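Please examine the sequence and the three-dimensional model shown below before reading on. The paragraphs after it are intended to be read with the model open.

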Amino acid sequence: MRAVVTGGSGFLGSHLCERLIGEGWNVLAVDNLVTGTEANLKHLAKNPRLHVMRHDVSNYIEVPGPVDYVLHFASPASPVDYLKLPIQTLKVGALGTHNALGLALAKKAKFFLASTSECYGDPHVSPQPETYWGNVNPIGPRGVYDEAKRYAEAMTMAYHRYHGVDTHIIRIFNTYGPRMRLNDGRALPNFVFQALSGQPITVYGDGSQTRSFCYVSDLIEGIYRLMLSDEHEPTNIGNPQEITILEFAERIRVLTNATKPIVFEPLPQDDPKQRCPDITKARRLLGWEPKVDLEDGLALTLESFRQQFAAQHTR
């Protein structure tokens with residue numbers, strides 16, 4: 001079996017490549033390294049099952065030979081990245097998805113779209129089931145990411161209905177683990193970077209907004225089960241255990257032995273007040289639920305962040 005993974009050098013893409021290779025697949029990782037990094041696949045560099053192609057999938061994707069599966073994970077995913085790269089984010093969600101679907105159609109391959117809980121926007125319903133249509137501001141600053149993914153879902157379903165492509169869609173909720181970039185704009189890497197740097201930890205708003213954090217190995221297991229299933233409509237994969245951002249920041253302070261206080265800044269526009277998946281469908285359909293609790297997952301992730309931080313500050 002041969003898979004093409006767009007965004008294969010990213011945080012999630014690299015873990016997915018690793019899992020597929022472990023399952024005996026040959027993998028072509030396609031990435032333009034705008035937010036991904038070659039270091040994420042360095043440990044697989046000598047594996048004959050991995051090939052890497054430097055390419056922007058917003059342009060036509062040409063892959064010689066047979067392909068069994070196209071998994072589209074290319075996109076900036078943190079607010080810092082997609083606010084800095086708004087047009088590239090829209091293009092990879094629209095043109096990139098179109099090109100990846102076109103490749104799947106041409107190769108008679110299955111297709112998997114990495115969508116996001118951001119499709120739900122600032123939700124009026126919590127936890128969010130797949131049947132909830134969301135509350136998204138299409139012209140707000142976050143709209144470039146939210147609407148890119150919503151459009152990608154619509155395009156994917158159109159290819160399924162019109163062309164008969166065997167498609168699958170995951171809505172990914174907050175995920176963390178090794179290979180996240182320190183200070184990438186998401187809560188965990190930001191908090192850890194600030195703590196390790198001896199800076200105050202910044203919480204936006206009053207910290208009462210909630211998130212739910214899924215460890216990367218649990219997410220990848222959910223992805224693998226969904227990609228082998230017969231389900232075509234979106235499926236939530238995430239950890240339903242909610243925690244307030246303030247409580248999360250305090251936990252990071254304790255784990256890193258930080259001495260500086262938590263400081264509060266204004267809440268960014270359209271920042272969701274709640275983010276929690278309803279995983280009833282994943283439990284029923286895939287027999288999936290998260291296994292790694294937050295304490296264990298944070299211990300593994302913090303060790304990775306400390307190594308990153310040390311490497312950056314010994315150059």
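The text that follows treats the nonpolar cores, the aromatic rings, the internal cavity and two individual residues in turn.

The model is a predicted one. A suitable place to begin is its interior. The largest nonpolar core has 59 residues, and those that touch the most other members are Leu20, Leu71, Phe73, Phe112 and Phe248. Helix H6, which spans residues 216–227, provides the largest share of this core, with seven residues. A second core, separate from this one, consists of 23 residues, including Val4, Ile61, Ala100 and Leu103.

Leu20 may serve as a guide to the surroundings of a core residue. When residues up to four places away in sequence are not counted, Leu20 touches Ala3, Val5, Trp25, Val27, Leu71, Tyr224 and Met227. Two of the names in this list return below or above: Leu71 is itself among the residues that touch the most other members of the largest core, and Trp25 belongs to an aromatic pair.

The aromatic rings form the next topic. A pair of aromatic rings is described by the distance of the centres and the angle of the planes. The structure holds 10 aromatic pairs. In one of them, the ring centres of Trp25 and Tyr69 are 6.1 Å apart and the planes stand at 55°, so this pair is tilted; the tilted class takes in angles that are neither under 30 degrees nor over 60. Trp25 is located in the loop between helix H1 (11–22) and strand S2 (26–31), whereas Tyr69 belongs to strand S4 (residues 69–72); the pair thus links distant parts of the chain, 44 residues apart. Both of these residues, Trp25 and Tyr69, are buried.

Tyr120 and Tyr132 offer a second example, a stacked pair with 6.1 Å from centre to centre and 20° between the planes. Tyr120 and Tyr132 each lie in the loop between strand S5 (110–116) and H4, so their pairing ties together parts that are 12 residues apart in sequence. Tyr120 and Tyr132 are likewise buried. Elsewhere, one aromatic cluster is formed by Tyr176, Phe191, Phe213, Tyr215 and Phe248. Phe248 also appears among the residues with the most contacts to other members of the largest nonpolar core.

Attention may now turn to empty space within the protein. The model has one cavity of 30 Å³ or more, and the largest cavity holds about 40 Å³ of space. Its lining is made up of His72, Ala74, Ser75, Thr89, Val92, Gly93, Thr97, Leu113, Ala148, Lys149 and Ala152. Helix H3 (86–107) and helix H4 (143–163) each supply at least two residues of this lining, and H3 gives the most, with four residues. By character, the lining residues comprise five nonpolar, five polar and one charged.

Two single residues complete the account. Ile220 is found in helix H6 and counts as buried because its relative accessibility is 5%, under the 20% limit. Apart from neighbours within four places in sequence, Ile220 is in contact with Leu12, His15, Leu16 and Arg19. The C-alpha atoms of Ile220 and Lys281 are separated by 17 Å, with the two positions 61 residues apart along the chain. Gly198 is placed in the loop between helix H5 (187–196) and strand S8 (201–204). Gly198 has a relative accessibility of 36% and therefore counts as partly exposed. The C-alpha atoms of Gly198 and Val70, which are 128 residues apart along the chain, are separated by 43 Å.

Technical notes: Residues numbered from 1 in each chain as written. Predicted model: local features only at pLDDT ≥ 70, side-chain atom pairs only at ≥ 80, totals over all residues. Heavy atoms only, no water. 1 Å grid on protein atoms, 1.4 Å probe; cavity = no way out; pocket = protein on both sides within 12 Å on 5 of 7 lines; lining within 4 Å. Points joined across faces, edges and corners; volume = space filled by probe spheres on them. Nonpolar A, V, L, I, M, F, W, Y, C, P; charged D, E, K, R; others polar. Core = buried A, V, L, I, M, F, W, Y, C linked by side-chain atoms within 4.5 Å. Buried < 20%, exposed > 50% of the residue type's maximum accessible area, 1.4 Å probe, protein only. Contact = heavy atoms within 4.5 Å. Phe/Tyr/Trp six-rings, centres within 6.5 Å; stacked < 30°, edge-to-face > 60°.
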